[in-house]
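Biologist: I'd like to take a close look at just one part of this protein with you. Could you walk me through it slowly, as you would for someone new to structures?

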Amino acid sequence: MSEETHDAAVRGPVAIQTAVLVSGTLGWLLTVSMCFCLTDLDGILASPTGLPAAQIFLNAGGKRGGTTMWAFAILVQLFTGCSAMLADTRMAFAFARDDALPFSKFLSKVNLRTHTPINAVWFVVIFSVGLNCIAIGSTQTATAIFNITAPALDLSYVSVILAHQLYKSKVKFIEGPFTLGKWGTYLNYIAVVWVLFISTILFFPPQLPVTPANMNYAVCVGGFIAAFALMWWWVAARGKYTGPQTDDIIREVPTEEDGNDGGDGNDSEESGEIAV
């Protein structure tokens with residue numbers, strides 16, 4: 001997404017920090033509120049709705065109030081799905097454009113009329129619908145797939161952090177406006193240890209004794225994804241993927257002084273700015 005963001009070196013980190021602070025604060029307030037409403041934990045867990053959170057709303061606000069609050073929860077899920085679909089589509093297009101995915105030529109095509117990667121959009125939509133349809137036949141399989149989302153996302157973050165720490169002496173890295181300075185190395189390794197710890201916990205079964213029915217099969221799904229990614233890398237992507245391939249045109253833009261002088265901008269080679 002940073003490829004389409006102006007001044008991404010600043011606005012990207014600011015957006016991430018803002019999202020973490022806002023989500024963390026509101027999430028903490030929501031968690032505290034939910035805990036205060038846990039009047040009957042056993043009854044909530046055994047809710048006939050099958051949704052403990054919905055039962056909490058029902059107990060706190062009655063039928064009308066609980067339904068209203070649950071409607072807002074559904075609305076939030078809709079917005080979350082839309083934003084996730086946007087991010088997934090953008091990543092699918094970017095990786096396909098860079099020849100890192102199977103059928104990259106097809107997925108990277110941009111519609112001439114809408115100027116959008118429609119093939120990548122429909123690929124993500126159909127793939128997402130297919131994953132949800134798995135729940136019709138096997139809720140256990142669907143649960144295993146959905147349980148991999150949190151550790152997979154965390155591991156994707158920490159893999160970049162770890163790679164930077166391991167190869168920073170071999171690859172020249174230019175610090176951006178946001179830097180942790182001398183504390184960066186220590187904090188990065190703390191992040192790596194924490195993510196590895198919490199990801200391991202997320203792969204644990206939810207209860208003991210462990211049986212085939214309550215086993216957390218997310219680790220199997222994660223292993224399959226990792227094996228497929230490594231296989232595709234060695235078979236095809238390794239020889240084609242070289243990083244982001246953009247068609248940005250570097251052009252010289254007249255400065256404000258040139259514009260005030262009434263010039264046509266042809267002398268921008270001497271006093272112009274480079275814009276990408």
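Which residues in H8 are buried?

Modeller: Happy to, and keep in mind that this is a predicted model. In H8, the buried residues are Gly184, Asn188, Val192, Val195 and Ser199. Looking around the helix axis, they cover an arc of only 80°, which puts them on the same side of H8. Here's the general idea behind that: an α-helix has 3.6 residues a turn, so residues three or four places apart point the same way.

Now flip to the other side. The face of H8 turned away from the buried side carries Tyr186, Ile190, Val193 and Trp194, which are exposed. As for what sits over the buried residues of H8, the cover includes H7.

You can also check the length of this helix. H8 runs over residues 184–202, and at 1.5 Å a residue its 19 residues should span 27 Å; the end C-alpha atoms are 26 Å apart, so the two agree. The UniProt record, in an unreviewed entry, lists several stretches as "transmembrane region", and one of them is 186–204.

It helps to set H8 beside another helix. In H6, which covers residues 139–147, the buried ones are Ala142, Ala144 and Ile145. Seen down the axis of H6, these fall within an arc of 160°, so they line one face of that helix. Their cover includes the helices H5 (118–137), H7 (149–167) and H9 (218–235). So H7 turns up again, as part of the cover for the buried residues of H6 and of H8.

Two of those H6 residues, Ala144 and Ile145, belong to the largest nonpolar core, along with Ile148, Phe203, Ala218 and Val221, six residues in all. The elements giving two or more residues to this core are H6 and H9. If you zoom in on Ile145 and leave aside its neighbours within four places in sequence, you'll find Leu131, Ile134 and Val221 in contact with it.

Finally, step back to the whole protein. It has 11 helices and two strands, and buried residues make up 17% of its 276 residues. The exposed area is about 20,500 Å², with carbon and sulfur atoms supplying 68% of it. Among contacts between residues at least 6 apart in sequence, 49% join residues at least 24 apart.

Key:
Residues numbered from 1 in each chain as written. Predicted model: local features only at pLDDT ≥ 70, side-chain atom pairs only at ≥ 80, totals over all residues. Heavy atoms only, no water. Buried < 20%, exposed > 50% of the residue type's maximum accessible area, 1.4 Å probe, protein only. Helix = DSSP H or I, 4+ residues; strand = E, 2+ residues; numbered from the N terminus. Arc of directions from axis to C-beta. Contact = heavy atoms within 4.5 Å. Core = buried A, V, L, I, M, F, W, Y, C linked by side-chain atoms within 4.5 Å. Areas by Shrake-Rupley, 256 points an atom, 1.4 Å probe, with all protein chains shown as cover. UniProt positions renumbered as here; feature names shortened; annotations may be inferred. Expected span 1.5 Å × (residues − 1).
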